[in-house]
Amino acid sequence: MRPARFGLVAALAAAVLAGCAPRPPAPTAQPRYMIGEPYQMGGLWSYPREDFALEQTGLATVATDSRAGRRTSNGEIHDPAALTAAHRTLQLPAVLAVTNLETGLRIEVRVNDRGPQNPGRVVALSRRAAELIGIRPGGAAQVRVEVVGEASRALAGGLPSTEAQTLEIAAAPLGAVGREELAPPPGATQATRLRQARQFPGAGAAGGATAASTGPAPPLRLPERVSRVPARPGLLWVELATFSRRDMADRQAARLSGLSARVDVLGGRGRGAQPSYRVRLGPFNAVAEADRALEGTLRAGVSEARILVD
């Protein structure tokens, strides 16, 4: 009986040691590059588009669904300890610099999911990313977000994509017709630039994701590099829209007269410069006040309204 008892004890000890051994990390799903179709979330429609020069202010929050192992919108496996984020319209993935305007802390995150669910929030950060810049779960903080263009283009060019590809159509063969090359008419260069800008909004001179990136692609798991800049908290506003005509701006403000909408004149001081007219509500000192104002504008049918910091 003693040898059998010894064998049983040894087997139990081996099982305990096996349970304490570190498990290999779970495999990460291969990410893909995507823009995606329009979708509805939190009662609001969003229209994704490629943008390598986006800059926004607003309120950041911590991702509400922080379960490790769930799939993100572009096919990755979510890790709340990684520096990732969700954005409603950016291409996935993209590298985003996020600055907490209240603390001055700044990090870079990789956007790989859609959100936030709350239309009054500009970005939802992973648990670890939010912790590094001082945002607590359930709270909101004033932030500035900026796309890191070179790194984002490198990601876009180095990942598989399921987006529809442009069909290549061969030109019809030329017959025996004489032709002569003419100088481009005045303004042709400018028109070309405008056409490129419409084709790749926000991409600047380098073009969209199809443009080759000169730098290496960043790692899928970004390093935890936190920098500090001067803190610049501001006031909260609900911005509705900007118009080129005063009468159109006044008309929208009148629709929201119960919310005390105002019209601000932008630009137009230089020779030949045309002013624009911005409609917004505020300013608000508290997040709850801005949230109520945004909810009122959305109920009134102004779906493009958003909270920003100024």
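Strand β10 is largely enclosed by the rest of the structure, because seven of its eight residues are buried. I begin with this strand, and I should say at once that we are looking at a predicted model. The strand covers residues 236-243, and much of what follows is arranged around it.

Let me place β10 in its sheet. Four strands form an open sheet in the order β11-β12-β10-β13, and the pairing is antiparallel. At the edges stand β11, residues 262-266, and β13, residues 306-309; each has a single partner strand, so one side of each is left without a neighbour in the sheet. On average, neighbouring strands here are turned by 45° against each other, with direction ignored.

Now the two partners of β10. With β12, the strand pairs in the antiparallel sense over six bridges. Within that pairing, Ala241 has Val279 of β12 as its bridge partner. With β13, which also runs antiparallel to β10, there are four bridges. On that flank, Trp237 is matched with Leu308 of β13.

Trp237 deserves a second remark. What sits over the ring of Trp237? It is the charged end of Arg280, placed 3.5 Å from the ring centre. As for pairs between aromatic rings, a search of the whole structure finds zero of them.

I turn to the helices that accompany this sheet. Helix α6, residues 287-299, lies across β10, β12 and β13, and runs at about 30° to β10. In the case of β12, the strand in question spans residues 276-284.

Helix α5 comprises residues 246-255, and within this helix Ala249, Gln252 and Ala253 are buried. Why do these residues fall on the same side of α5? They cover an arc of only 100° around the axis, which puts them on the same side of the helix. The buried residues of α5 pack against β10, β11 and β12. The face turned away from that buried side carries Ala254 and Arg255, both of them exposed.

Following the chain onward from α5, we come to Ser260, in the loop between α5 and β11. Its phi is near 60°, a positive value in a residue other than glycine. Is Ser260 buried or exposed? Ser260 is exposed, with a relative accessible area of 54%.

A further strand to consider is β8, residues 141-147, which is mostly covered, with five of its seven residues buried. It has antiparallel pairings with two strands that I wish to mention. One is with β3, residues 55-62, over six bridges. In that pairing, Gln56 has Val145 of β8 as its bridge partner. The other is with β5, residues 94-100, and here five bridges join the strands. Leu96 stands opposite Val147 of β8.

For those who examine backbone geometry, two cis peptide bonds should be noted. The bond joining Leu92 and Pro93 is cis, with omega about -5°. Pro93 has its place in the loop between β4, residues 84-86, and β5. The peptide bond from Gly115 to Pro116 is also cis, and there omega is near 0°. Pro116 is found in the loop between β6, residues 105-113, and β7, residues 123-125.

Finally, some figures for the chain as a whole. The protein chain contains six helices and 13 strands. Of its 310 residues, 39% are buried. What share of the contacts between residues at least 6 apart in sequence join residues at least 24 apart? The figure is 77%.

To return to the starting point: β10 has seven of its eight residues buried. It is joined to β12 by six bridges and to β13 by four. Helix α6 lies across it, and the buried residues of α5 pack against it, as they do against β11 and β12.

Note on methods:
Residues are numbered from 1 along each chain as its sequence is written. This is a predicted model: local features need pLDDT of at least 70, side-chain atom pairs count only at pLDDT 80 or more; totals for chains, interfaces and linings use all residues. Side-chain values use heavy atoms; hydrogens and water are left out. Rings of Phe, Tyr and Trp (its six-membered ring) pair if their centres lie within 6.5 Å; planes under 30 degrees apart count as stacked, over 60 as edge-to-face and the rest as tilted. A charge sits over a ring if NZ of Lys or CZ of Arg is within 6 Å of the ring centre and within 35 degrees of the ring normal. Two strands pair if DSSP finds at least two bridges between them. Axes are lines fitted to C-alpha atoms, for helices over the stretch in contact, and angles run from 0 to 180 degrees between N-to-C directions. Contact means heavy atoms within 4.5 Å. Buried means under 20% relative accessible area, exposed over 50%, partly exposed in between (1.4 Å probe, protein chains only). The arc is that of the directions from the helix axis to the C-beta atoms.
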